Amino acid sequence: MITKLKSKINVPFFDYPSVFKEYENELACIFNDVCSKGAYILQEELSSFEKNLAHYSKCKYALGVANGTDALIIALRAAGVKPGDEVVFCTHTYVATAAAIHFVGAIPIPVECGSDHMIDVTKIEQVITSKTTAIMPTQLNGRCCDMDPIMDLCKKRDLLLIEDAAQALGATYKGQYAGTFGAAGTISFYPAKTLGCFGDGGAILTNDDDMYQKMFELRDHGRNQDGDVVSWGLNSRLDNLQAAILDFKLNHYDEFVRKRRNIASLYHGNLSGIKELILPPQPDEGDRFDVFQNYEIEAERRDELKDYLKQNNVGTIIQWAGKCVHQFENLNISGNFPFSEKMISQSLLLPMFPTLTDEQVFKVIELVKEFYQ
Ligand SMILES: *Cc1c(COP(=O)(O)O)cnc(C)c1O
């Protein structure tokens, strides 16, 4: 049985063509429709998507921007983070989180991650100084951080909260959606994200009228709703064509999430007995609803496991070159984060995408079991 599975099925880490093939006809119609109208920039498809995205996340506004990194930069600027300010983030995140802080002229201040792979909330307060103006937690792997203590701390120390929710559209904490806890939260539509487009794209969520207005101007050359230039701005618009595609895919988003959670359940149910592995929490644990952007395990003999899977045509990923942000020496963000470093040295992402079949998932499971036998 195992040998048969092993020989036949290929399991890519992420199947990029399948996200197009799955809805090829519908997507072709959208392309045809939008391009025939010549509706390329800031047209009704974008407004429609923004409205639906805000509605989906139960917040007042969503604003489409060029990518998830610009989303962070625009959110930080609109919130008033200035050069020289210190902004706290978790070192176990994509480098873009820290880069956004850097590019508004502020100083990225890393914090250790906890056993849930998210910012260790017990370690935040000790890095807060008189220069700290914001905390920017990453809602990593499609899961929310422990938001109550973070929000309490922001209130107590009068700090802004900006969420990097690039990976967490639809994830909730005590029923509240990722990206809606603070001044703003950002989403990425990079193709492999839970809601991916066919190129780069991003969005910012906010409930704050003033933030929305500033971000609206910042993403389009400082122009207000009348087209008048009222501030300095960027060109960071979400393409109307991508917005039309995203609006269509948003209608199917709950189904994508359901499939991801189902895959996570299969991994959990079948791998939780292996003592050499630490798995993420199961889909329904505690106060959180996870959308499983990634299935990140900690594995003993991680590199050997990865090679073994690769030899058997299963793709996995060691993310971010196997480093946390403070470990990229040229970025000059140093710090002593033993937990994060140990964790990332054992971290491996297993295949996780909605078009993954049960047969493929079981091939991964059988091989992992076989490796540790
Ligand atoms: C993907 C991602 C980003 C950046 O998004 P882009 O759209 O690629 O610019 C930022 N932070 C995290 C945690 C991400 O996963």
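How far is the sulfur of C144 from the closest cysteine sulfur, in C145? The gap is 7.3 Å, which is too far for a bond. This is a predicted model, and the cysteines are a good place to enter it.

The structure holds zero disulfides. A disulfide needs two cysteine sulfur atoms within 2.5 Å. C144 does not meet that, because its closest cysteine sulfur, in C145, lies 7.3 Å off. C324 is in no disulfide either. For C324 the nearest cysteine sulfur belongs to C113, 6.0 Å away. Are these two cysteines buried or exposed? C144 is buried, with a relative accessible area of 0%. C324 is also at 0% relative accessibility, so it counts as buried.

Next comes the interior. In soluble globular proteins, nonpolar side chains tend to be buried together. Here the largest nonpolar core has 61 residues. Which residues have the most contacts inside it? They are F49, L53, I124, I150, F189 and Y253. Helix α9, residues 240-250, gives the largest share of this core, with seven residues. Apart from this core lies another one, of 35 residues. F14, I297, L349 and F371 are among its members.

F189 deserves a closer look. Leaving aside residues up to four places away in sequence, F189 touches F49 and L53. Its contacts also include L195, G196, C197, G199, G201, G202 and A203. L246 is another residue that F189 touches.

S57 offers a second view of the inside. It is found in the loop between α4 and β1, where β1 spans 61-65. Its relative accessible area is 1%, so S57 is buried. What does S57 touch, not counting residues up to four places away in sequence? Its contacts are L169, Y177, T180 and L205.

Now turn to the surface. Y40, I41 and L42 form a nonpolar patch there. Together they have about 250 Å² of accessible area. L42 sits in the loop between α3 (24-37) and α4 (44-56). With a relative accessible area of 32%, L42 is partly exposed.

G273 is another surface residue to find. Its place is the loop between α10 (253-271) and β10 (277-278). G273 has 72% relative accessibility, so it counts as exposed. How far apart are the C-alpha atoms of G273 and A96? They are separated by 35 Å, and the two residues are 177 apart along the chain.

Charged pairs come next. A search of the whole structure finds 18 salt bridges. One of them joins K156 and E125, with the closest N and O atoms 3.0 Å apart. Why does this pair tie together parts that are 31 residues apart in sequence? It does so because K156 lies in helix α7 (residues 147-156), while E125 lies in the loop between β3 (107-111) and β4 (132-135). K156 is exposed, at 59% relative accessibility. E125 is partly exposed, with a relative accessible area of 30%.

A second salt bridge links R237 with D220. The closest N and O atoms are 2.9 Å apart. R237 and D220 both lie in the loop between α8 (209-218) and α9, so this pair ties together parts that are 17 residues apart in sequence. R237 is buried, and D220 is buried too.

A third salt bridge pairs R302 with D303, the closest N and O atoms being 2.6 Å apart. Which of the two counts as buried, and which as partly exposed? R302 is buried, at 9% relative accessibility. D303 is partly exposed, at 45%. Elsewhere, salt bridges that share partners join E125, K156 and R157 into one network.

The backbone closes the tour. Most residues other than glycine have a negative phi. D158 has a positive phi of about 55°, although it is not a glycine. D158 lies in the loop between α7 and β5 (160-164). It is exposed, with a relative accessible area of 69%. K174 also has a positive phi, near 50°, and is a residue other than glycine. Where does K174 lie? Its place is the loop between β6 (172-173) and β7 (176-177).

How values were computed
Residues are numbered from 1 along each chain as its sequence is written. This is a predicted model: local features need pLDDT of at least 70, side-chain atom pairs count only at pLDDT 80 or more; totals for chains, interfaces and linings use all residues. Side-chain values use heavy atoms; hydrogens and water are left out. Buried means under 20% relative accessible area, exposed over 50%, partly exposed in between (1.4 Å probe, protein chains only). A nonpolar core is a set of buried Ala, Val, Leu, Ile, Met, Phe, Trp, Tyr and Cys residues joined through side-chain atoms within 4.5 Å. Helices (H or I, at least four residues) and strands (E, at least two) are DSSP runs, numbered from the N terminus. Contact means heavy atoms within 4.5 Å. Patches are made of residues with over 30% relative accessible area and no salt bridge: like charges are joined within 9 Å, nonpolar side chains (Val, Leu, Ile, Met, Phe, Trp, Tyr) within 5 Å. Accessible areas come from the Shrake-Rupley method with a 1.4 Å probe; for residues, only the protein chains shown count as cover. A salt bridge is a side-chain nitrogen of Lys or Arg within 4 Å of a carboxyl oxygen of Asp or Glu.
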